[in-house]
Amino acid sequence: MQQPDAAAATPSGASKSLPGTPAAAPPAISTAAPRAPAAAAAAAPAYALPTCKLACVMVGLPARGKTYIARKVARYLTWLGHHSRIFNVGNYRRDAVGAMQPSEFFDPDNEEFARQRAEVAINALNDMIGWLDKLDDDDEKSLSGSLNFQPPSASVREGPLKTPTSATPTQSTRVDEASKKPPGSASTASPGGRPSAAYSSTDHAGGAARVALYDATNSTPERRLFIMEQCREHGIDVMFIESVCDDPKIIVKLSSPDYKGADPEKAVEDFQSRIRFYEKTYQTLDRSEAEGTISFVKLINVGSQVIVNNVRGYIQSRIVYFLMNLNITPRSFYFSRHGESMFNVMQRIGGDASLSPRGEQFAKRLPEIVIRNLGEGTRLTVWTSTLRRTKETARHLHVPKVAWKQLDELDSGVCDGLTYEEIEARYPADFEERDSDKFNYRYHGGESYRDLVHRLEPVILELERHYEPNHSIMIIGHQAVLRAIYAYFLNIPHERLPYIKVPLHTVVKLTPKAYGCEEERFSADIAAVDTHRERGTPLNPSPRLNPSGLAHTHSLAPSSLDVVSPLGRISLNN
Ligand code: SIN
């Protein structure tokens, strides 16, 4: 791992070190400007620009779901079009000293181990600040175009890091897997940096923020103050997110590379000993920290109580709102497109057509597929759009139904009711634009996929909020809408979202897990036209049979280790 620049020092010439660690702690971040005391650095200007650089710093003992929460926040923000990335200190530690460390490694009284742990924490912090500090050309374009305000003033962005920055191998290899995005995935410009003609660079609904999640225990006020000071020197806002769990009933999925292949009993014993070491120094967040300037959200027993302190700003508020809706009730959601419609058969997009005879057949088959899969004692509520084809598909399911306007199909504006051939003939430039940047392309008088994602945010929050055990939700929706919802759950980047395959006459069951989402697909074995069109290809007009039976099942959840302890099931993560 690349070490911080040895010359990096505070203006006084002394190396910065994490408080509470031995003097030999490694040098930390270099600063261009003299370091201001916490209170002065925190003094708010009369008018503060909207946030575009935010560090969400996790706090809490091991096994409190910090990684789970960090990943969910990162996925939510990425889905909304913000830049987000997780910096997991446990990963840095495993890289530096290996995974198989005994619990004594976490003993705060062991100077050598404390020094090693401080070093990896600082490396992660440096990488995070480097990433947040780096507003490259693309981001400058996207920010100035999308936020409708100027990027932060030069004084905020000044002060190049001498320590590892985004270009270092350290950062690129240490980013949490769940938050990785292919290059350019959140770009608002079409390939080549040219804004889409149909998507004016100034008409984004929201701004693109950069949000880093610093995933570690950060269990003492001294360490938290140190992180705040480092971030503030780089114009980075900090919001702490603490997870406090004392409810033995709370079950968190186990998954930790630290105990891969270990005997489960020994793993639990060692992990509990590690927790006890952390408990020696752990202090919960307190509003008096950093002379009362600390900003935090404290989650107690995931969703049962939320304490919000000193939280300001658009992106911070969105994160708090999202966290307030989180719960860990095990549950599955069902999704299906409406049955084949007459417009599908005619290859026309949009409209409000009724089902075709094959679509009607699917509607009749649906109760059997769903009820068989729900199992005994599970209630079902069906959400449809307000359009005829979804309501007709749901009509044989004799369960409560809700019609959501938000679930209506992507609005194709002037192209509504046309075939792709007609669109190509009438609007050739638009047809090409859409192919080159389908996520951002907005139909004249209609919507883009990006618009659709924002329209669907309340639906996602409602799905996250849904906590009744033995009560499933089924969405009978449309191709574009289900692509957007599916992309949220499976963390699929924006440029791939408009090409996700959601065949007709197929029910998809998604079961969110601690670190992924399990997926099953059930085909009704009823032929339907294929409405999926790959980039630059014509539609295939002939009906086809979707893959049959209960054939397709796969899980994105990484393998996990379930260990039951006196606390219930505990997470071996971190
Ligand atoms: C920490 O947050 O204290 C370190 C996390 C780890 O090494 O797993």
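**A mixed six-stranded sheet and its helical neighbours**

In the hairpin formed by β5 and β6, 4 residues lie between the strands, and Asn 301 adopts a positive phi near 50 degrees. This hairpin belongs to a predicted model. The two strands of the hairpin, β5 and β6 (residues 305-309), run antiparallel and are joined by 5 bridges. Within this pairing, Ile 300 stands opposite Gln 305 in β6.

Strand β5 (residues 296-300) is largely enclosed by the rest of the structure, because 5 of its 5 residues are buried. The side chains were then sorted by direction. Phe 296, Lys 298 and Ile 300 point one way from β5. Val 297 and Leu 299 point the other way. Residues on both faces are buried, and Lys 298 is among them. A parallel pairing of β5 with strand β4 (residues 237-244) extends over 5 bridges. In that pairing, Val 297 of β5 is the bridge partner of Ile 241. Strand β5 thus takes part in a parallel pairing with β4 and an antiparallel one with β6.

The approach to β5 was examined next. Ser 295 sits in the loop between α10 (289-292) and β5. With a relative accessible area of 10%, Ser 295 is under the 20% cut-off and is therefore buried. Neighbours within four places in sequence set aside, Ser 295 is in contact with Val 238, Met 239 and Phe 240. Its contacts also include Asn 309, Asn 310 and Val 311. Of these partners, Val 238, Met 239 and Phe 240 fall within the residue range of β4 (residues 237-244).

The pairings above are part of a wider sheet. Strands of a sheet pair through backbone hydrogen bonds, either parallel or antiparallel. Here, 6 strands form an open sheet with mixed pairing, in the order β2-β3-β1-β4-β5-β6. The edges are held by β2 (83-88) and β6, each with a single partner strand, so one side of each has no neighbour in the sheet. On average, neighbouring strands of the sheet are turned by 15 degrees against each other, direction ignored. At the β2 edge, β2 pairs with strand β3 (residues 210-215) in the parallel sense over 6 bridges. Val 211 in β3 is the bridge partner of Ser 84.

Two helices were found against these strands. Helix α4 (residues 111-133) lies across β1 (53-59), β2 and β3. Its direction makes about 175 degrees with β3. Helix α11 (residues 314-324) packs on the sheet and touches β1, β3, β4, β5 and β6. The direction of α11 makes about 10 degrees with that of β4.

Helix α11 also packs against another helix. Two packed helices are described by the angle between their axes and the distance between the axes. For α11 and helix α18 (residues 457-465), the axes come within 9 Å and cross at roughly 40 degrees. The two helices are therefore oblique to each other. On the α11 side, the contact is made by Arg 318, Tyr 321 and Phe 322. These meet Glu 457, Leu 461 and Glu 464 in α18. By class, the residues of this contact are 3 nonpolar, no polar and 3 charged.

A second helix pair shows another arrangement. Helix α2 (residues 66-80) and helix α19 (residues 479-490) pack at an angle of about 150 degrees, and their axes are 9 Å apart. At this angle, α2 and α19 are therefore roughly antiparallel. Their crossing is right-handed. Helix α2 contributes Lys 72, Arg 75, Tyr 76 and Trp 79. Their counterparts in α19 are Ala 484, Ala 487, Tyr 488 and Phe 489. The residues of this contact divide into 6 nonpolar, no polar and 2 charged.

One further position was examined in helix α9 (residues 264-281), which contains Gln 272. Gln 272 has 23% relative accessibility and so counts as partly exposed. Its C-alpha atom is separated by 8.5 Å from that of Ser 103, although the two residues are 169 residues apart along the chain.

Values for the whole chain complete the description. The secondary structure comes to 19 helices and 15 strands. Of the 574 residues in the chain, 57% are buried. Among contacts with a separation of 6 or more, 76% join residues 24 or more positions apart.

Terms used:
Residues are numbered from 1 along each chain as its sequence is written. This is a predicted model: local features need pLDDT of at least 70, side-chain atom pairs count only at pLDDT 80 or more; totals for chains, interfaces and linings use all residues. Side-chain values use heavy atoms; hydrogens and water are left out. Axes are lines fitted to C-alpha atoms, for helices over the stretch in contact, and angles run from 0 to 180 degrees between N-to-C directions. Angles under 35 degrees count as roughly parallel, over 145 as roughly antiparallel, 65 to 115 as roughly perpendicular and the rest as oblique. A crossing is left-handed if the near helix is turned anticlockwise from the far one by less than a right angle, and right-handed if clockwise. Contact means heavy atoms within 4.5 Å. Ala, Val, Leu, Ile, Met, Phe, Trp, Tyr, Cys and Pro count as nonpolar, Asp, Glu, Lys and Arg as charged, and the others, Gly among them, as polar. Buried means under 20% relative accessible area, exposed over 50%, partly exposed in between (1.4 Å probe, protein chains only). Two strands pair if DSSP finds at least two bridges between them.
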